[in-house]
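Colleague: Hi! I'm new to this one, could you walk me through it?
Modeller: Happy to, let's put it on screen.

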Amino acid sequence: MLFKLKIIYYWLLFKMRGPYSDRKGLKAHQQRELKKFAKKVLINSPFYKSYCQNETVLWDAMPEITKTEFMANFNSINTCNMTIEEAMPFALAAEKNRSFKNEINGVTIGLSTGTSGKRGLFLVSENERAQWVALVMSRVIKPRLFQKQKIAFFLRANSNLYASVSSSLFEFRYFDIFQPIDKLLIELNDFAPQIIAAQPSVLMDIAQAQQSGHIMVWPNQIISFAEVLHQKDKEFIESQLPARITEVYQCTEGFLGVSCEYGTLHLNEDFIHIEKDWIDEDTFYPIITDFSRSSQPIVKYKLNDVLQVKKKPCSCGSQLLALEKIIGRDDDVLNFNTQKIYPDLIARRIAITCNHFYNYTISQVKSDLLEVQIECNEIDYDTLQIQFKEVISNLLQELGVRGVEIDCRRDIVRVSGNKLRKIICKI
Ligand SMILES: [Zn+2]
């Protein structure tokens, strides 16, 4: 019960926040929150403590970090006295056994892969979970009074974070994308949800099944997350399902943004301070400081995603930064006759088993041939090659796909344009 009260508390708190009539008001709010964050949270982080002396916070002196430095300093960054030595085996075991009781001392421990494909760890306390749910409720899912809403959530794995949305307002069902899509579609049809949340590639499958008359669902909201939602896919999904798509920009590092009623993605700048590392005049890498986090501070953390700023202001009037699109996160689905394999599944397996690489790509060049490029030190290649082959062939076997050849080579992974693609389908 305490957890639900916490959700209501945060929900009310967030309702009182904004909207801001101008950027100045928003900036002032950020400065106040950043100060509080330093005083309450950073002071408890061995890594950041020395930057917060008396009343002064040395923001400029704090290092800009990426996932690599973040993981290298995991033990001193977090405020829960958690070490990577205890947390990583725990998270890996939970993932391998597909067990989701992944808590130590009330802190949820999760494994992340992200755009880079590299293994990461995230910590979420109960308070942070309640805040996340409250934010999702106020920004994404609109609770309807006196009507319980059924939510179908397509995910690679369940997690405490997402399961906590279940309440008297929502009935939440989790659809494991590891299962064959045909089976999931039948279950979806029977469940008859008001809300469907899935990555665009799964939404496309649902829309196609609806078009062919295989299923008939009537959601009043569709939520897209995890991958880039392309305009033509968006149009097709909305033409087949009787609801508009809300696009959520969420990653391990935080809930970064959500689309408004005009379909524009706005960043949650009232929770996250965002600096821009410009690539050209309208695209940038975001460097985020999330002042709503407490167990694992995210400070001046550079993400791999490339964001493109919207040139014209959005008609909704929000002062939160409007994006034209997210570039990157653009992995493909692999196709083996009737079996599809979602990129998230492969990336996850690779991250669990393999560690000492810089980058990789897996390209499907024929229906029965996968080419794997691994960028790594020469010394690590032999082991990595064996691991990659084993992970991929085990996954194919589990999904009933046979006779696929896997070719590995050590190579510099070429990234064309700004796209960060790990899993590519060339057929
Ligand atoms: Zn807008």
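**The sheet with β23**

Modeller: Let's begin with a strand pair: glutamine 364 has cysteine 425 in β23 as its bridge partner. Keep in mind that this is a predicted model.

Colleague: In which sense do β20 and β23 pair, and over how many bridges?
Modeller: Strand β20, residues 359-366, pairs with β23 in the parallel sense, over 3 bridges.

Colleague: Which helix lies across β20 and β23?
Modeller: That's helix α11, residues 343-353, and it runs at about 135 degrees to β20. There is also α12, which packs on the sheet and touches β20, β21 (369-375) and β22. The direction of α12 makes about 160 degrees with that of β22.

Colleague: What's the strand order in that sheet?
Modeller: The order is β22-β21-β20-β23, an open sheet of 4 strands with mixed pairing. At the edges are β22 and β23 (423-425), each pairing on one side only. From one strand to the next, the twist averages 20 degrees.

Colleague: And what does "pairing" come down to?
Modeller: In general, strands of a sheet pair through backbone hydrogen bonds, in either a parallel or an antiparallel way.

Colleague: Where is arginine 402?
Modeller: Arginine 402 sits in the loop between α12 (378-398) and β22 (405-410).

Colleague: Is arginine 402 exposed or buried?
Modeller: Arginine 402 counts as exposed, because its relative accessibility is 62% and the cut-off for exposed is over 50%. As for distances, its C-alpha atom is separated by 28 Å from that of histidine 356, and the two residues are 46 apart along the chain.

Colleague: Let's switch to another sheet. What is the order of β3, β4 and β5?
Modeller: They form an open sheet of 3 strands in the order β3-β4-β5, and the pairing is antiparallel. β3 (103-104) and β5 (120-124) are at the edges with a single partner strand each, so each has one side without a neighbour in the sheet.

Colleague: How many bridges join β3 to β4?
Modeller: There are 2 bridges between β3 and strand β4, residues 107-112. In that pair, glutamate 103 stands opposite threonine 108 in β4. On the other side, β4 and β5 pair over 5 bridges, in the antiparallel sense. There, isoleucine 109 has leucine 123 in β5 as its bridge partner.

Colleague: Which helices pack on it?
Modeller: Helix α5, residues 84-96, touches β3, β4 and β5, and its direction makes about 70 degrees with that of β4. Helix α6, residues 126-139, also touches β3, β4 and β5, with its direction at about 85 degrees to that of β5.

Colleague: Why is β5 described as largely enclosed?
Modeller: Because 5 of the 5 residues of β5 are buried, the strand is largely enclosed by the rest of the structure. Gly120, Phe122 and Val124 point one way, while Leu121 and Leu123 point the other way.

Colleague: New topic: what about threonine 246?
Modeller: Threonine 246 belongs to strand β10, residues 245-251. Threonine 246 counts as buried because its relative accessibility is 12%, and buried means under 20%. Setting aside neighbours within four places in sequence, its contacts include Val140, Gln221 and Val258.

Colleague: Last one. Which residues make the nonpolar surface patch of about 390 Å²?
Modeller: Leu2, Leu5, Ile8 and Leu12 make that patch. Leucine 5 lies in helix α1, residues 2-16, and counts as partly exposed at 47% relative accessibility.

Conventions: Residues are numbered from 1 along each chain as its sequence is written. This is a predicted model: local features need pLDDT of at least 70, side-chain atom pairs count only at pLDDT 80 or more; totals for chains, interfaces and linings use all residues. Side-chain values use heavy atoms; hydrogens and water are left out. Two strands pair if DSSP finds at least two bridges between them. Contact means heavy atoms within 4.5 Å. Axes are lines fitted to C-alpha atoms, for helices over the stretch in contact, and angles run from 0 to 180 degrees between N-to-C directions. Patches are made of residues with over 30% relative accessible area and no salt bridge: like charges are joined within 9 Å, nonpolar side chains (Val, Leu, Ile, Met, Phe, Trp, Tyr) within 5 Å. Accessible areas come from the Shrake-Rupley method with a 1.4 Å probe; for residues, only the protein chains shown count as cover. A salt bridge is a side-chain nitrogen of Lys or Arg within 4 Å of a carboxyl oxygen of Asp or Glu. Buried means under 20% relative accessible area, exposed over 50%, partly exposed in between (1.4 Å probe, protein chains only).
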